[in-house]
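Good morning, everyone. I would like to take a few minutes to walk through one model, going from its charged pairs to its interior and then to a few single residues.

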Amino acid sequence: MQEPIAIAVPPARLRTFAALSVRDFRVLWAGTWASYIPFFMANVVNGVVAFHLAHVNRAVGTVVFAQGVAMAVLAPIGGAGADRWPKRRLLALSQSTAAVVFGVFALLLALDRLTIAALAGGAFVLGVAISFLGPARQAFAAELVGPELRGNAVALNQVPLTGSQVLGPAIAGLMLASPLGATGAYALMSALYATAALSLLALPHSRARGNAAETHVLEDLLVGLRYVVSHRRLRLLVAFFVCVIMMGFSYVTVLPGLVEHALGRSADAVPPLFFTSALGGLLVTFVTARVADSHRALPLFVAMPFVLACGLLGLYLAPSYELAIAAMFLVGIGFGGFQTLNAAVIVQVTEPEYFGRVFSLSMLAFAGVSLMSLPVGILADAIGERATLATLSGVVVAIALGFGPRLLSSRSAVRE
């Protein structure tokens, strides 16, 4: 009788970075930085450019809303595609598309031809690309490591995400303050996405599903939806994540207006707030990656929305720009921890052939943020940025109280 294969467990001090011992994952992880940095630069640059063009919160919301429409429609299809088509090819195509969009933005701005309509159109195309990029990247990361490292791999994949939330706004702020301005920022974002696409040449070809030709992509999508619906804990996890992020992260829409209208600074002073939030998120990511494959992941996941809500409330109460920066650190801890642990707890209860589709459903959270940006912007124009932040904080607490106890009670059950 053949002896069972022993799975090596890394020493405790190495568990935080265990997946980085796999060469192909290291390559993907390094290339991920070049993809995420321009994404978070865009959050700042697009918002500042849109606000300067129109001087109302609605303009910022319109640009983000256009990206959200594309993601809401196509993210589930992107997840189905990640489960049936070669993931490396999907990553290359989506990142190349993003490089072209930002290159066009740079050209139009240099010619003084960039408009809100053009920004919104480009944001829609970016939403299409991101709909395929996000699920393919997470599924590819899980594919490149063994089952015993999957939770750690998807958690470590959040390090470039949260780290780029530090570097992206910082680089965006430096570019906006430089003689190159937003034009130079868009050119740099285009170059970084192109670099990310080229880095994939160092990775092996990913696996396509053997029977992909026997089914239609929409059929795969329906199969994935039925899988999530039939899985009680997974159903709760996805719904919880989507609702919290959709409402809580919508605060980014009002930051330029908050800084200019309530804190007495120019909208160009937004980057330090994003930087501080991302720094908190980066720090908590390293802590949560260590427990990503343990039983402590779920309780911490449930607790993080309350931290996010406290940060938003602090932002509402902040009487000065400096204290608003301090509140953003707490926002970053709540958001970063929630996002990192979401990936970890989902991969614990998802079968590998469904990774792409399940992660794509989680991505609907960010499509929801984009879709909420327009109504949140309209609300902020009507009642003020501070009152809007207080409202979002209260909604996040209500969502956490509704889902948290149900998730914790589901720990002993896999399916209904």
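Let me begin with a definition: a salt bridge here is a side-chain nitrogen of Lys or Arg within 4 Å of a carboxyl oxygen of Asp or Glu. Please keep in mind that what you see is a predicted model. With that cut-off, R265 forms a salt bridge with E322, and their closest N and O atoms are 3.1 Å apart. This pair links distant parts of the chain, since R265 sits in the loop between α10 (255-262) and α11 while E322 belongs to helix α13, 57 residues apart. As for accessibility, R265 is partly exposed at 35%, and E322 is likewise partly exposed, with a relative accessibility of 47%.

How many salt bridges does a search of the whole structure find? The search returns four, and I will describe two others here. R58 pairs with D381, the closest N and O atoms being 3.3 Å apart. Because R58 lies in helix α2 (residues 57-84) and D381 in helix α14 (residues 355-383), this salt bridge ties together parts that are 323 residues apart in sequence. R58 has a relative accessible area of 42%, which makes it partly exposed, and D381, at 32%, is partly exposed too. The side chains of R23 and D24 also meet in a salt bridge, at 2.7 Å from N to O; R23 is partly exposed with a relative accessible area of 43%, and D24 is partly exposed with 21%.

Turning to the interior, the largest nonpolar core has 133 residues, and those that touch the most other members are F25, Y186, F240, Y251, F301 and L315. Helix α13 (residues 321-349) gives the most to this core, namely 15 residues. There is also a second, separate core of five residues, among them M71, A75, I130 and M363. If we follow Y186 and leave aside residues up to four places away in sequence, its contacts include V45, V49, F102, F105 and L109.

Helix α7 (residues 181-199) holds another tyrosine, Y193. Is Y193 buried or exposed? Y193 is buried, because its relative accessible area is 2% and the cut-off for buried is under 20%. Beyond its sequence neighbours, Y193 touches A34, S35, P38, F39, Q95, A98, A99, F102 and L133.

On the surface, F275, L279 and L283 form a nonpolar patch with about 230 Å² of accessible area together. Of these, L279 is placed in helix α11 (residues 271-290) and counts as partly exposed, at 32% relative accessibility.

What about disulfides: how many does the structure hold? The structure holds zero, and C243 has as its nearest cysteine sulfur that of C310, 19 Å away. Why is there no bond for C310? The sulfur of C310 is too far from the closest cysteine sulfur, that of C243, because the separation is 19 Å and a disulfide needs sulfur atoms within 2.5 Å. Both cysteines are partly exposed, C243 at 24% relative accessibility and C310 with a relative accessible area of 48%.

Finally, a backbone detail: D112 has a phi near 60 degrees, a positive value in a residue other than glycine. D112 is placed in the loop between α3 (87-110) and α4 (116-143), where it is exposed, with a relative accessible area of 69%.

Conventions: Residues numbered from 1 in each chain as written. Predicted model: local features only at pLDDT ≥ 70, side-chain atom pairs only at ≥ 80, totals over all residues. Heavy atoms only, no water. Helix = DSSP H or I, 4+ residues; strand = E, 2+ residues; numbered from the N terminus. Buried < 20%, exposed > 50% of the residue type's maximum accessible area, 1.4 Å probe, protein only. Contact = heavy atoms within 4.5 Å. Core = buried A, V, L, I, M, F, W, Y, C linked by side-chain atoms within 4.5 Å. Patch = residues over 30% accessible without salt bridge, like charges linked within 9 Å, V, L, I, M, F, W, Y side chains within 5 Å. Areas by Shrake-Rupley, 256 points an atom, 1.4 Å probe, with all protein chains shown as cover.
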